[in-house]
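Here are a few exercises to try with the model open beside you. Have a go at each one before you read its solution.

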Amino acid sequence: MKVVIIGGGIAGLCMGIYLNQYGLEAIVNERKGSVSGGGHAFLMHHEGISILNELQTEADVLPGKLVDTFVFRRPNGELVNQLPLDEWQCFKRTDLTAYLSRLMPEEKLYNERSFSHFIYEGGRIVAAEFLNGEKEYGDVFIGADGANSMVRREIFGEVKFETGRVKEIVGVVEHPDLAEGYAGKFTKFQHENKGLAFGLIPTTTTELVWYIQYDPETLGDVEGDSPKDLESFCKALLKGFPSVVETVMDNNDFSTSYVWNTRDFDLLPSFHRDNVVLIGDAAHLALPFTSAGTTNAMVDAKVLSKCLKEEKDYTAAFFCYYDHRAAQVEGHVLLGRQLRDAFLNTGMAGFALPLIVDQSE
Ligand SMILES: Cc1cc2nc3c(=O)[nH]c(=O)nc-3n(C[C@H](O)[C@H](O)[C@H](O)COP(=O)(O)OP(=O)(O)OC[C@H]3O[C@@H](n4cnc5c(N)ncnc54)[C@H](O)[C@@H]3O)c2cc1C
């Protein structure tokens with residue numbers, strides 16, 4: 001059985017590595033020329049870390065920084081809550097995709113292949129064609145091409161996206177002193193009576209990822225699309241926040257920061273049609289409040305590859321995969337919406353850990 005994977009992000013690379021480790025032929029096709037960026041950095045749940053440890057070869061050193069404490073404060077600095085976290089880790093996206101690319105057999109990873117459409121023979125999909133005219137024939141096709149998945153559109157048509165209502169501005173700032181001072185901590189300053197929060201997490205010994213979550217309906221939005229416009233908007237939003245926030249803003253390169261229009265969609269009734277199946281953000285999307293996306297993408301790859309190895313045919317494997325994943329994925333979609341509503345409904349203003357927890361917890 002030959003498996004053609006479309007998209008070489010976290011989900012696609014993990015899938016390719018697992019299948020090759022299981023001795024199944026799998027080819028990853030990524031539209032970008034090299035390791036893909038976007039998303040800057042993310043927090044990963046320990047379920048994702050254990051998958052990385054499983055995929056790792058002896059010589060590899062995992063990228064990423066341990067995050068073992070969540071610190072929740074008000075913009076005036078008041079400490080609301082401080083909790084230990086169970087082995088979360090923060091990764092720069094480029095470090096993680098570069099790391100996973102190295103674990104993938106070089107000859108089975110094709111860059112600069114942007115999926116265009118499927119080729120059918122006798123009513124059955126037999127190949128994926130790319131914008132450069134190249135074709136890859138196979139028996140099974142996996143759509144790992146992210147939130148705007150073209151593979152999903154080809155097999156299911158348009159999904160109905162729900163707006164996330166909250167927007168997120170994300171940046172990475174170089175600041176060794178802050179990275180040292182905030183080492184191991186996910187710090188969040190959240191307003192008591194507006195939908196506004198600032199988060200900060202070290203990604204390396206010298207860099208930190210930061211984000212602003214805001215409600216554009218009540219707080220307005222960025223006017224213009226230059227880095228200067230973004231900087232002015234961020235600084236105005238964060239007036240009155242502690243000096244660490246000001247330091248981050250003053251040291252940030254706003255040409256590399258961007259605004260994330262959050263959205264999600266309901267659990268799909270199936271992740272496959274015929275011999276095509278979806279994984280990662282192509283299959284499901286949770287709002288940013290859960291930090292579930294990367295871990296889910298990796299768990300999908302682990303479960304689907306195991307099902308493909310063990311089940312009698314790919315159809316049985318696709319049902320096995322959906323049976324294992326649907327409930328957890330739906331739980332994360334709903335949790336994301338609940339956390340978003342709590343964030344917007346400032347009357348509630350209580351404390352809710354903005355992360356997924358173990359199924360057993
Ligand atoms: C700002 C931001 C912050 C985030 N923070 C977190 C966090 O803290 N924790 C967390 O768990 N998750 C976070 N996420 C979500 C996380 O990044 C995603 O859930 C995760 O990357 C999903 O992996 P994926 O491989 O399914 O999709 P993607 O990472 O989107 O990868 C899809 C890949 O497919 C490729 N592709 C797309 N179209 C085509 C095509 N036509 N042909 C070929 N290739 C194609 C893309 O280039 C890309 O490499 C964040 C996302 C954003 C945007």
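**Exercise 1: two helices side by side**

Keep in mind that this is a predicted model. In H1, Ile-10, Leu-13, Cys-14 and Ile-17 touch H3 through Leu-96, Thr-97, Leu-100, Ser-101 and Leu-103. Work out the character of this contact and how the two helices are oriented.

*Solution.* Start with the residue classes: seven of the contact residues are nonpolar, two are polar and none is charged. Next, take the axes of H1 and H3 (residues 93–103), which come within 9 Å and cross at roughly 20 degrees. Angles under 35 degrees count as roughly parallel, so H1 is roughly parallel to H3. Last, the handedness: H1 and H3 make a left-handed crossing.

**Exercise 2: a little sheet**

Find the order of the strands in the open sheet and say which ones sit at the edges.

*Solution.* The sheet has three strands, ordered E7-E8-E9, with antiparallel pairing. E7 (115–121) and E9 (135–137) are the edge strands, as each pairs on one side only. From one strand to the next, the twist averages 30 degrees. Now zoom in on E8 (residues 124–130): three bridges link E8 to E9 in the antiparallel sense. Follow Ala-128 across and you land on its bridge partner in E9, Glu-136.

**Exercise 3: around the ligand**

Which element gives the most residues to the shell around the ligand?

*Solution.* Of the 35 residues around the ligand, the nearest are Gly-7, Gly-9, Gly-146, Gly-280 and Gly-293. Two or more residues each come from H1 (10–21), E3 (41–44), E11 (162–174) and H9 (293–310). H9 gives the most, with four. By class, the shell splits into 15 nonpolar, 14 polar and six charged residues.

Definitions and conventions: Residues are numbered from 1 along each chain as its sequence is written. This is a predicted model: local features need pLDDT of at least 70, side-chain atom pairs count only at pLDDT 80 or more; totals for chains, interfaces and linings use all residues. A residue is near a molecule or strand if its C-beta atom, placed from the backbone, lies within 6 Å of it. Ala, Val, Leu, Ile, Met, Phe, Trp, Tyr, Cys and Pro count as nonpolar, Asp, Glu, Lys and Arg as charged, and the others, Gly among them, as polar. Axes are lines fitted to C-alpha atoms, for helices over the stretch in contact, and angles run from 0 to 180 degrees between N-to-C directions. Angles under 35 degrees count as roughly parallel, over 145 as roughly antiparallel, 65 to 115 as roughly perpendicular and the rest as oblique. A crossing is left-handed if the near helix is turned anticlockwise from the far one by less than a right angle, and right-handed if clockwise. Two residues are in contact if their C-beta atoms, placed from the backbone, lie within 7 Å. Two strands pair if DSSP finds at least two bridges between them.
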